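Work through the exercises below with the sequence and the structure side by side. Each task is followed by a solution that goes step by step.

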Amino acid sequence: LRRRSGTTGNLRFVRFVRWLERRRFDMNLHLAHQAEGFYALDAQIGSPLWSRYAGEGMASNNNTPYPVAAPLTLGSAVYTVTQDGLHAMDYSSGQQRWTFETLGEVPPDKLMKREPSAPVTDGSVLYLSAWPYLGRGAPRISYVYAVDAQSGAGLWATEVAGTDITAPVLADDFLFVATGASLHALDSATGAIRWQFGEGPV
């Protein structure tokens, strides 16, 4: 992991972080996935600030062609995803605040879990998507979720047809996701499907 000056290109620091897949930094912290862990580094000098076990579905355990989702910071919290769902941690200490389970709608004996998409936010609600692997011949479905950013309570969950669902895109009162060759527009307040366009599940 390297940081260079945006104006001069001079190297600020170099730090070895095993299996680094995704990162996001701001003026205070640099947040990095490593194996099953989640790490916070000082953005100025690269020194470690805190770390915690996160769970499967991150970095080296991500045995799929899909990238590990970047963490999201909002206020005093940082959010990241694993196969267990969406996690909220304290920005300064890394202390766990809550976990929201994704794909809880699917019976455990029929489910091969996948980590959900990176969340997006309107400032108070987090939106994310997930799709299960249910085996050959099973319905091809995905889910879109809205989660309260403070409490971690689920506000709504909507099933949409198709797999390989994208991360949501928020625009005004709409939430857009794509599955296969289809585009879905959802009401961001209720999760109701406003319209769908495309060829259906692929």
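**Exercise 1.** Determine which residues Ser-129 touches, leaving out those up to four places away in sequence, and decide whether Ser-129 is buried or exposed.

*Solution.* In this predicted model, begin with the contacts: Ser-129 touches Pro-116 and Ser-117, then Tyr-143 and Val-144, and finally Ile-165, Thr-166, Ala-167 and Pro-168. Next, place the residue in its element, which is strand β12, spanning residues 125-130. One of the residues it touches, Thr-166, also offers its backbone oxygen, which the side chain of Ser-129 reaches at 2.7 Å. Finally, compare accessibility with the cut-off: buried means under 20% relative accessible area, and because Ser-129 has 1% relative accessibility, it counts as buried.

**Exercise 2.** Find which residues have the most contacts inside the largest nonpolar core, and which element gives the most to this core.

*Solution.* The largest nonpolar core has 19 residues, and those with the most contacts inside it are Tyr-79, Leu-86, Trp-98, Leu-126, Tyr-145 and Val-147. Two or more residues come from each of β8 (77-82), β9 (85-90), β10 (96-101), β12 and β13 (141-148). Of these elements, β13 gives the most, with four residues. To see one member in detail, take Tyr-79, whose contacts, leaving aside neighbours within four places in sequence, include Leu-86, Trp-98 and Leu-126, as well as Pro-71, Pro-119 and Ala-149. A separate core of eleven residues lies apart from the largest one, and Trp-156, Val-160, Leu-175 and Leu-186 are among its residues. As a general background, nonpolar side chains in soluble globular proteins tend to be buried together.

**Exercise 3.** Work out the strand order of the open sheet of four strands, and explain why one side of each edge strand is left without a neighbour in the sheet.

*Solution.* The order is β7-β8-β9-β10, and the pairing is antiparallel. At the edges stand β7 (72-74) and β10; each has a single partner strand, so one side of each lacks a neighbour in the sheet. From one strand to the next, the twist averages 20 degrees. Looking inside the sheet, six bridges join the antiparallel strands β8 and β9, and Ala-77 stands opposite Asp-90 in β9.

**Exercise 4.** Establish what share of the residues score a pLDDT of at least 70, and where the pLDDT stays under 50.

*Solution.* The protein chain averages a pLDDT of 80, with 76% of the residues scoring at least 70. Over residues 18-28 the pLDDT stays under 50, although the model has 39 contacts beyond four places in sequence for them. Residues 59-63 also have a pLDDT below 50, and this stretch has 14 contacts in the model beyond near neighbours in sequence.

Methods. Residues are numbered from 1 along each chain as its sequence is written. Side-chain values use heavy atoms; hydrogens and water are left out. Buried means under 20% relative accessible area, exposed over 50%, partly exposed in between (1.4 Å probe, protein chains only). A polar contact is a pair of N or O atoms within 3.5 Å; within protein, one must be able to donate a hydrogen and the other to accept it, and residues adjacent in sequence count only if both atoms are side-chain atoms. Contact means heavy atoms within 4.5 Å. A nonpolar core is a set of buried Ala, Val, Leu, Ile, Met, Phe, Trp, Tyr and Cys residues joined through side-chain atoms within 4.5 Å. Two strands pair if DSSP finds at least two bridges between them. Axes are lines fitted to C-alpha atoms, for helices over the stretch in contact, and angles run from 0 to 180 degrees between N-to-C directions. pLDDT is the predictor's confidence in each residue, from 0 to 100.
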